[in-house]
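Good morning, and thank you for joining this group meeting. Please look at the sequence and the structure together as I go through a few selected places.

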Amino acid sequence: MFDDTNLFRIYKFSGWDRVEGGGRANAGLQYTAQFNRGGYVNAMFGQSYQLFGVNSFAAGDITNTGLGSGLDKPKSDYVARAQFQPNQIYTFTSRFRFEESDFTLQRMEVEARASFDRWNASILYGDYAAQPQLGFLTRRDGILTSGAYKINENWVVNGGIRYDIEAGKLSQTRLGFGYIDDCFIMSFQYYTDFTYSGNVTTSQTYMFQISLRTIGGTGFQ
């Protein structure tokens, strides 16, 4: 996924098991204005250019990773961000990706977050263009809500719901808990995904992860 968060990263693939080939130049403009009481306004606009060598995002593989990402051409799609945080509690963020040739909207996310003493919550609306290379044949849009509550200094519980606007139904629910201290991190997540092609089908995923600071981590699902 190509967006404002990885425009200036050296390697734009997610995870640690794949790196880019060739040479690339990333260019963009960013403006930030800070206010009293921790508030700020931030705006960013940029594009990435493949200069030489193999463009790793244009090379198809068994999962077609990179195809349709906006990076699979000499001049990438444009990415933009507008963010407003009036104080330490609320944050409002919008992210966009536009087609390089005609500015057609390829991806949009609008998110609101609130963070209080022991809990935080967020709601996100997403609108995504079709990606036939990855199996998404039509445009998608939906709403994702999530929240977390800190039980004490070390333990936290969290949950979330994803709603498919086109289908008019829930597409995913999530529930989990985690533990964190100076040396150890552990988390468990339970996902239920709903599919509405013909008969309604559900699938469950359990994910468990542990990590030791400065050493590493592992997980399974």
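Leaving aside its neighbours within four places in sequence, which residues is Q172 in contact with? The residues are G160, I161, R162, Y191, T192, D193 and F194, where contact means heavy atoms within 4.5 Å.

Before I continue, a word on the source. This is a predicted model, in which local features need pLDDT of at least 70 and side-chain atom pairs count only at pLDDT 80 or more, while totals for chains, interfaces and linings use all residues. Residues are numbered from 1 along each chain as its sequence is written, and side-chain values use heavy atoms, with hydrogens and water left out.

Let me return to Q172, which lies in strand β9, residues 169-180. Strands here are DSSP runs of E with at least two residues, numbered from the N terminus. Q172 has 15% relative accessibility and therefore counts as buried; buried means under 20% relative accessible area, exposed over 50%, and partly exposed in between, with a 1.4 Å probe and protein chains only. The side chain of Q172 is joined to that of D193 by a polar contact of 2.8 Å. A polar contact is a pair of N or O atoms within 3.5 Å; within protein, one must be able to donate a hydrogen and the other to accept it, and residues adjacent in sequence count only if both atoms are side-chain atoms.

My second place is S56, in the loop between β2 (40-52) and β3 (78-85). Is S56 buried or exposed? S56 counts as buried, because its relative accessibility is 12%. Residues up to four places away in sequence aside, S56 touches F13, R18, V19, E20 and G21. The side chain of S56 reaches the backbone nitrogen of G21 at 2.8 Å. From S56 to G22 the C-alpha distance is 7.9 Å, although 34 residues separate them in sequence.

I turn now to charged pairs. Side chains of opposite charge can pair when their charged atoms come close. A salt bridge is a side-chain nitrogen of Lys or Arg within 4 Å of a carboxyl oxygen of Asp or Glu, and by this rule the count comes to 10 salt bridges.

Which partners does D77 have? D77 forms one salt bridge with K73, the closest N and O atoms being 2.6 Å apart, and another with R97, at 3.0 Å. R97 lies in strand β4 and D77 in the loop between β2 and β3, so this pair ties together parts that are 20 residues apart in sequence. As for accessibility, D77 is buried at 1% and R97 is buried at 7%, whereas K73 is partly exposed at 21%.

The next residue is E111, in strand β5 (residues 105-115). E111 is buried, with a relative accessible area of 12%. Its salt bridge with R95 has the closest N and O atoms 4.0 Å apart. That pair links distant parts of the chain, since E111 is in strand β5 and R95 in strand β4, 16 residues apart. Salt bridges that share partners join D4, R81, R95, E111 and R113 into one network. The side chain of E111 also makes a polar contact of 2.9 Å with the side chain of R113. Among the residues in contact with E111, beyond four places in sequence, are T91, F92 and T93.

I close with W119, found in strand β6 (residues 119-128). With a relative accessible area of 39%, W119 is partly exposed.

Notes: Helices (H or I, at least four residues) and strands (E, at least two) are DSSP runs, numbered from the N terminus.
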